[in-house]
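Open your viewer and get ready to click along. We will move from stop to stop, selecting a residue each time and looking at what is there.

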Amino acid sequence: MSNSTSPYASQRYSARAANFANATAVQLLNLMDEKKTNLSVAVDVTEKKDLLRLADELGPYICVLKTHIDILTDFDPSVITTLTALAQKHNYLIFEDRKFADIGSTVAAQYAHGVYKIASWAHITNAHPVPGDGIVHGLAQVGLPLGRALLLLAEMSSKGTLARGEYSQETLRMAQDNAEFVVGFIGQRRLKGTESGKEERDFLYMTPGVSMAQPGDALGQQYRSPEQVVEESECDVVIVGRGIYGAQDPVAKAREYREAGWNAYLRRTGQTGRSE
Ligand code: S5P
(Lines give C-alpha, C1' and ligand atoms only; values in the text may rest on other atoms or scores of the structure.)
Protein backbone atom coordinates (compact mmCIF):
# COMPACT_ATOMS: atom_id res chain seq x y z
CA MET A 1 0.00 0.00 0.00
CA SER A 2 1.12 3.58 -0.60
CA ASN A 3 1.90 6.03 2.21
CA SER A 4 -1.62 7.32 2.13
CA THR A 5 -2.14 10.97 3.01
CA SER A 6 -5.90 10.50 3.09
CA PRO A 7 -7.79 7.78 4.97
CA TYR A 8 -10.09 7.46 1.94
CA ALA A 9 -7.37 6.68 -0.59
CA SER A 10 -6.85 3.19 0.81
CA GLN A 11 -10.56 2.28 0.73
CA ARG A 12 -12.25 0.49 -2.15
CA TYR A 13 -14.46 2.60 -4.38
CA SER A 14 -17.62 0.72 -3.47
CA ALA A 15 -16.84 1.03 0.26
CA ARG A 16 -16.46 4.77 -0.21
CA ALA A 17 -19.99 5.05 -1.63
CA ALA A 18 -21.19 5.22 1.98
CA ASN A 19 -19.24 8.49 2.41
CA PHE A 20 -21.44 10.29 -0.15
CA ALA A 21 -24.98 11.63 0.09
CA ASN A 22 -25.13 12.40 -3.63
CA ALA A 23 -26.79 9.55 -5.59
CA THR A 24 -24.65 10.10 -8.69
CA ALA A 25 -21.43 9.77 -6.69
CA VAL A 26 -22.76 6.57 -5.10
CA GLN A 27 -23.70 5.16 -8.50
CA LEU A 28 -20.28 5.97 -9.93
CA LEU A 29 -18.28 4.45 -7.08
CA ASN A 30 -20.31 1.26 -7.22
CA LEU A 31 -20.12 0.84 -10.97
CA MET A 32 -16.34 1.35 -10.93
CA ASP A 33 -15.85 -1.72 -8.74
CA GLU A 34 -18.52 -3.67 -10.66
CA LYS A 35 -16.95 -2.95 -14.05
CA LYS A 36 -13.38 -2.91 -12.70
CA THR A 37 -12.53 0.36 -14.36
CA ASN A 38 -11.42 3.82 -13.24
CA LEU A 39 -11.00 5.02 -16.82
CA SER A 40 -12.80 7.96 -18.34
CA VAL A 41 -12.42 8.74 -22.01
CA ALA A 42 -12.49 12.33 -23.22
CA VAL A 43 -14.05 11.92 -26.64
CA ASP A 44 -13.09 15.27 -28.13
CA VAL A 45 -14.23 14.61 -31.69
CA THR A 46 -16.21 17.05 -33.78
CA GLU A 47 -18.63 14.80 -35.66
CA LYS A 48 -21.54 13.02 -34.06
CA LYS A 49 -20.96 9.75 -35.91
CA ASP A 50 -17.46 9.53 -34.39
CA LEU A 51 -18.68 10.45 -30.92
CA LEU A 52 -21.44 7.85 -30.97
CA ARG A 53 -19.26 5.12 -32.48
CA LEU A 54 -16.54 5.66 -29.86
CA ALA A 55 -19.10 5.86 -27.05
CA ASP A 56 -20.38 2.43 -28.09
CA GLU A 57 -17.00 0.79 -28.77
CA LEU A 58 -15.28 2.12 -25.65
CA GLY A 59 -18.34 1.78 -23.40
CA PRO A 60 -17.40 -1.62 -21.89
CA TYR A 61 -14.05 -0.28 -20.62
CA ILE A 62 -15.00 3.04 -19.03
CA CYS A 63 -16.79 4.37 -15.96
CA VAL A 64 -17.33 7.87 -17.34
CA LEU A 65 -17.69 9.26 -20.86
CA LYS A 66 -16.45 12.85 -20.90
CA THR A 67 -17.93 15.11 -23.56
CA HIS A 68 -17.39 18.61 -24.95
CA ILE A 69 -20.78 18.70 -26.59
CA ASP A 70 -20.20 22.20 -28.01
CA ILE A 71 -17.37 21.06 -30.32
CA LEU A 72 -19.75 18.96 -32.43
CA THR A 73 -20.27 20.62 -35.79
CA ASP A 74 -23.42 18.60 -36.51
CA PHE A 75 -25.14 18.50 -33.11
CA ASP A 76 -28.84 17.74 -32.95
CA PRO A 77 -30.94 16.48 -30.03
CA SER A 78 -30.81 12.88 -31.29
CA VAL A 79 -27.15 12.83 -30.18
CA ILE A 80 -28.35 13.10 -26.59
CA THR A 81 -30.97 10.38 -26.99
CA THR A 82 -28.36 7.99 -28.39
CA LEU A 83 -25.66 8.94 -25.86
CA THR A 84 -28.11 8.34 -23.02
CA ALA A 85 -29.09 4.94 -24.41
CA LEU A 86 -25.41 3.99 -24.77
CA ALA A 87 -24.67 5.07 -21.19
CA GLN A 88 -27.44 2.73 -20.02
CA LYS A 89 -26.35 -0.10 -22.30
CA HIS A 90 -22.75 0.01 -21.07
CA ASN A 91 -23.38 1.24 -17.51
CA TYR A 92 -21.30 4.40 -17.46
CA LEU A 93 -22.00 8.01 -16.53
CA ILE A 94 -21.82 11.04 -18.82
CA PHE A 95 -19.70 14.00 -17.73
CA GLU A 96 -20.16 17.16 -19.78
CA ASP A 97 -16.92 19.09 -19.33
CA ARG A 98 -18.63 22.50 -19.56
CA LYS A 99 -16.33 24.36 -17.13
CA PHE A 100 -18.93 26.90 -16.06
CA ALA A 101 -17.32 30.12 -14.83
CA ASP A 102 -19.95 32.88 -14.40
CA ILE A 103 -22.20 34.24 -11.65
CA GLY A 104 -24.83 31.92 -10.18
CA SER A 105 -27.80 33.33 -12.06
CA THR A 106 -26.08 33.06 -15.44
CA VAL A 107 -24.70 29.56 -14.96
CA ALA A 108 -28.11 28.31 -13.82
CA ALA A 109 -29.54 29.46 -17.17
CA GLN A 110 -26.58 28.04 -19.14
CA TYR A 111 -26.93 24.69 -17.36
CA ALA A 112 -30.70 24.36 -17.83
CA HIS A 113 -31.34 26.03 -21.18
CA GLY A 114 -29.74 26.91 -24.50
CA VAL A 115 -29.18 24.44 -27.31
CA TYR A 116 -27.66 21.71 -25.15
CA LYS A 117 -29.83 21.64 -21.98
CA ILE A 118 -26.88 20.06 -20.19
CA ALA A 119 -28.66 19.43 -16.88
CA SER A 120 -31.25 17.27 -18.61
CA TRP A 121 -28.72 14.60 -19.63
CA ALA A 122 -25.24 15.04 -18.10
CA HIS A 123 -24.91 13.11 -14.85
CA ILE A 124 -21.86 15.20 -13.96
CA THR A 125 -20.62 18.63 -14.98
CA ASN A 126 -17.89 20.92 -13.71
CA ALA A 127 -17.22 24.54 -12.81
CA HIS A 128 -14.36 26.88 -12.10
CA PRO A 129 -14.59 28.16 -8.51
CA VAL A 130 -13.32 31.60 -9.54
CA PRO A 131 -16.69 33.42 -9.14
CA GLY A 132 -17.12 32.21 -5.52
CA ASP A 133 -19.83 30.09 -3.85
CA GLY A 134 -22.62 31.61 -5.98
CA ILE A 135 -21.61 29.51 -8.97
CA VAL A 136 -22.19 26.34 -6.96
CA HIS A 137 -25.50 27.60 -5.57
CA GLY A 138 -26.73 28.57 -9.05
CA LEU A 139 -25.83 25.21 -10.56
CA ALA A 140 -27.20 23.33 -7.55
CA GLN A 141 -30.62 24.99 -7.94
CA VAL A 142 -30.89 23.30 -11.33
CA GLY A 143 -28.87 20.13 -10.79
CA LEU A 144 -29.78 18.92 -7.31
CA PRO A 145 -33.49 18.34 -8.03
CA LEU A 146 -32.36 16.19 -10.99
CA GLY A 147 -29.88 14.22 -8.85
CA ARG A 148 -26.85 15.59 -10.72
CA ALA A 149 -23.31 16.07 -9.41
CA LEU A 150 -20.71 18.80 -9.77
CA LEU A 151 -16.92 18.76 -9.85
CA LEU A 152 -14.89 21.88 -9.12
CA LEU A 153 -11.65 22.55 -10.97
CA ALA A 154 -9.14 22.67 -8.12
CA GLU A 155 -6.06 22.34 -10.30
CA MET A 156 -5.39 22.08 -14.02
CA SER A 157 -3.00 19.97 -16.05
CA SER A 158 -1.78 22.81 -18.23
CA LYS A 159 1.52 24.63 -17.95
CA GLY A 160 1.35 27.93 -16.07
CA THR A 161 -2.07 27.26 -14.55
CA LEU A 162 -3.20 29.85 -12.00
CA ALA A 163 -5.24 27.18 -10.17
CA ARG A 164 -2.75 26.27 -7.46
CA GLY A 165 -1.83 26.88 -3.83
CA GLU A 166 -4.36 28.92 -1.93
CA TYR A 167 -6.78 28.88 -4.86
CA SER A 168 -6.92 25.08 -4.71
CA GLN A 169 -7.35 25.13 -0.93
CA GLU A 170 -10.23 27.61 -1.23
CA THR A 171 -11.76 25.28 -3.82
CA LEU A 172 -11.62 22.47 -1.28
CA ARG A 173 -13.31 24.71 1.28
CA MET A 174 -16.04 25.55 -1.25
CA ALA A 175 -16.64 21.86 -1.88
CA GLN A 176 -16.77 21.07 1.84
CA ASP A 177 -19.41 23.77 2.31
CA ASN A 178 -21.52 22.41 -0.59
CA ALA A 179 -20.89 18.69 -0.40
CA GLU A 180 -24.45 17.61 -1.27
CA PHE A 181 -23.84 18.71 -4.85
CA VAL A 182 -20.06 19.03 -5.14
CA VAL A 183 -18.85 15.44 -5.16
CA GLY A 184 -15.25 16.12 -6.06
CA PHE A 185 -12.68 17.80 -8.18
CA ILE A 186 -10.83 17.98 -11.38
CA GLY A 187 -7.32 18.01 -9.99
CA GLN A 188 -3.85 16.64 -10.17
CA ARG A 189 -3.57 15.28 -6.62
CA ARG A 190 -5.75 14.52 -3.62
CA LEU A 191 -5.94 17.61 -1.42
CA LYS A 192 -5.75 17.19 2.34
CA GLY A 193 -8.99 18.17 4.02
CA THR A 194 -7.17 19.56 6.97
CA GLU A 195 -5.24 22.01 4.79
CA SER A 196 -8.39 24.11 4.51
CA GLY A 197 -8.95 24.00 8.27
CA LYS A 198 -12.12 21.90 7.86
CA GLU A 199 -12.83 18.36 8.85
CA GLU A 200 -11.55 15.77 6.38
CA ARG A 201 -14.27 14.32 4.15
CA ASP A 202 -14.25 12.12 1.09
CA PHE A 203 -14.27 13.54 -2.42
CA LEU A 204 -13.79 12.07 -5.87
CA TYR A 205 -10.76 13.20 -7.84
CA MET A 206 -10.88 13.00 -11.62
CA THR A 207 -7.62 13.67 -13.36
CA PRO A 208 -6.95 14.69 -16.96
CA GLY A 209 -3.51 15.14 -18.48
CA VAL A 210 -2.82 11.41 -18.75
CA SER A 211 -0.76 9.70 -21.42
CA MET A 212 1.51 6.67 -21.42
CA ALA A 213 3.25 7.91 -24.58
CA GLN A 214 3.64 11.69 -24.61
CA PRO A 215 5.03 14.24 -22.11
CA GLY A 216 2.70 16.98 -23.38
CA ASP A 217 1.40 18.77 -26.46
CA ALA A 218 2.36 21.97 -28.28
CA LEU A 219 -0.26 24.04 -26.44
CA GLY A 220 0.74 23.58 -22.80
CA GLN A 221 -0.89 20.26 -21.95
CA GLN A 222 1.25 18.22 -19.52
CA TYR A 223 0.88 14.45 -19.17
CA ARG A 224 1.52 11.98 -16.38
CA SER A 225 1.06 8.21 -16.27
CA PRO A 226 -1.95 6.38 -14.77
CA GLU A 227 0.36 5.08 -12.01
CA GLN A 228 1.47 8.59 -11.05
CA VAL A 229 -2.11 9.80 -11.00
CA VAL A 230 -3.70 6.92 -9.08
CA GLU A 231 -0.90 5.71 -6.83
CA GLU A 232 1.31 8.71 -6.15
CA SER A 233 -1.32 11.43 -6.30
CA GLU A 234 -4.20 9.28 -4.99
CA CYS A 235 -6.70 10.40 -7.61
CA ASP A 236 -9.66 8.20 -8.51
CA VAL A 237 -10.56 8.52 -12.17
CA VAL A 238 -8.04 8.72 -14.99
CA ILE A 239 -9.19 10.87 -17.94
CA VAL A 240 -7.59 10.09 -21.29
CA GLY A 241 -8.38 11.89 -24.55
CA ARG A 242 -6.07 11.78 -27.55
CA GLY A 243 -4.10 8.87 -26.08
CA ILE A 244 -7.20 6.74 -26.78
CA TYR A 245 -9.42 8.30 -29.43
CA GLY A 246 -6.36 9.45 -31.43
CA ALA A 247 -4.87 5.95 -31.56
CA GLN A 248 -5.14 3.64 -34.55
CA ASP A 249 -6.98 1.14 -32.39
CA PRO A 250 -8.87 3.06 -29.69
CA VAL A 251 -10.33 -0.12 -28.15
CA ALA A 252 -6.88 -1.69 -27.68
CA LYS A 253 -5.61 1.56 -26.12
CA ALA A 254 -8.62 1.82 -23.84
CA ARG A 255 -7.92 -1.72 -22.60
CA GLU A 256 -4.28 -0.75 -21.88
CA TYR A 257 -5.20 2.41 -19.98
CA ARG A 258 -7.94 0.62 -18.11
CA GLU A 259 -5.55 -2.08 -16.99
CA ALA A 260 -2.86 0.41 -15.94
CA GLY A 261 -5.33 2.54 -13.99
CA TRP A 262 -7.01 -0.44 -12.39
CA ASN A 263 -3.80 -2.14 -11.32
CA ALA A 264 -2.62 1.13 -9.78
CA TYR A 265 -5.89 1.25 -7.80
CA LEU A 266 -5.51 -2.37 -6.67
CA ARG A 267 -2.03 -1.61 -5.38
CA ARG A 268 -3.14 1.61 -3.71
CA THR A 269 -5.89 -0.18 -1.86
CA GLY A 270 -3.71 -3.14 -0.91
CA GLN A 271 -5.66 -5.62 -3.08
CA THR A 272 -2.48 -6.68 -4.87
CA GLY A 273 1.23 -6.32 -4.16
CA ARG A 274 3.60 -4.05 -6.02
CA SER A 275 5.33 -6.91 -7.82
CA GLU A 276 2.17 -8.10 -9.61
O1 S5P B 1 -6.90 20.60 -16.24
C2 S5P B 1 -7.53 20.08 -17.15
C3 S5P B 1 -8.91 19.90 -17.07
C4 S5P B 1 -9.58 19.25 -18.08
S5 S5P B 1 -11.24 18.87 -17.83
N6 S5P B 1 -6.89 19.60 -18.25
C7 S5P B 1 -7.55 18.98 -19.29
O8 S5P B 1 -6.89 18.55 -20.24
N9 S5P B 1 -8.93 18.82 -19.24
C10 S5P B 1 -9.67 18.15 -20.33
O11 S5P B 1 -9.22 16.81 -20.42
C12 S5P B 1 -9.51 18.76 -21.71
O13 S5P B 1 -10.53 19.71 -21.97
C14 S5P B 1 -9.62 17.55 -22.63
O15 S5P B 1 -10.98 17.28 -22.92
C16 S5P B 1 -9.09 16.40 -21.79
C17 S5P B 1 -7.64 16.03 -22.05
O18 S5P B 1 -7.46 15.58 -23.35
P19 S5P B 1 -6.09 14.95 -23.88
O20 S5P B 1 -6.35 14.71 -25.33
O21 S5P B 1 -4.99 15.94 -23.65
O22 S5P B 1 -5.89 13.66 -23.10
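Start by selecting Val210. This residue is buried, because its relative accessible area is 2%, and buried means under 20%. Val210 belongs to the loop between β7 and α8. Now add Gly243 to your selection: 33 residues separate the two along the chain, and their C-alpha atoms are 7.9 Å apart. As you look around, keep in mind that this is a predicted model.

**Along the loop**

Stay in that loop and select Pro215. Here β7 covers 204-207 and α8 covers 226-232, with Pro215 in the loop between them. Is Pro215 buried or exposed? Pro215 counts as exposed, because its relative accessibility is 67% and the cut-off for exposed is over 50%. Next, pick the C-alpha atoms of Pro215 and Ser225 and let the viewer draw a line between them. The two residues are 10 apart along the chain, and that line should read 9.3 Å.

**The ligand**

Now select the ligand and show the residues around it. How many residues are around the ligand, and which come nearest? There are 14, and the nearest are Asp44, Lys66, Ser157, Tyr223 and Arg242. Try colouring this shell by type: you should find five nonpolar, four polar and five charged residues. If your viewer can draw pockets, look at the largest one, which is the space taken by the ligand.

Zoom in on three side chains in turn:

- Arg242: an N or O atom of its side chain is 2.7 Å from an oxygen atom of the ligand.
- Gln221: an N or O atom of its side chain lies 2.8 Å from a ligand oxygen atom.
- Lys99: a polar atom of its side chain is 3.5 Å from an oxygen atom of the ligand.

Switch on a surface for the protein here. On its own the ligand has 490 Å² of accessible area, and the protein covers 91% of this.

**Two lysines with a positive phi**

Keep Lys99 selected and step back to see the strand it lies in, β3, made of residues 93-100. Lys99 counts as partly exposed because its relative accessibility is 25%. Check its backbone, too: phi is near 45°, a positive value in a residue other than glycine. Why is that worth a look? Most residues other than glycine have a negative phi.

Lys36 is another stop of this kind, with a positive phi near 55°. To find Lys36, go to the loop between α2 (23-35) and β1 (39-42). With a relative accessibility of 48%, Lys36 counts as partly exposed.

**Two buried residues and their contacts**

Select Thr125, in strand β4, which runs over residues 124-127. How accessible is Thr125? Its relative accessibility is 0%, so Thr125 counts as buried. Show Glu96 as well: its backbone oxygen is 2.8 Å from a polar atom in the side chain of Thr125.

For the last stop, go to helix α4 (residues 78-90) and select His90. With a relative accessible area of 13%, His90 is buried too. Which side chain does the side chain of His90 contact? Bring up Asp56: the side chains of His90 and Asp56 make a polar contact at 2.7 Å.

Notes
Residues numbered from 1 in each chain as written. Predicted model: local features only at pLDDT ≥ 70, side-chain atom pairs only at ≥ 80, totals over all residues. Heavy atoms only, no water. Near = heavy atom within 4 Å. Polar contact = N/O pair within 3.5 Å; in protein donor to acceptor, adjacent residues only side chain to side chain. Areas by Shrake-Rupley, 256 points an atom, 1.4 Å probe, with all protein chains shown as cover. 1 Å grid on protein atoms, 1.4 Å probe; cavity = no way out; pocket = protein on both sides within 12 Å on 5 of 7 lines; lining within 4 Å. Sits in = over half its atoms within 2 Å of the grid points. Nonpolar A, V, L, I, M, F, W, Y, C, P; charged D, E, K, R; others polar. Helix = DSSP H or I, 4+ residues; strand = E, 2+ residues; numbered from the N terminus. Buried < 20%, exposed > 50% of the residue type's maximum accessible area, 1.4 Å probe, protein only.
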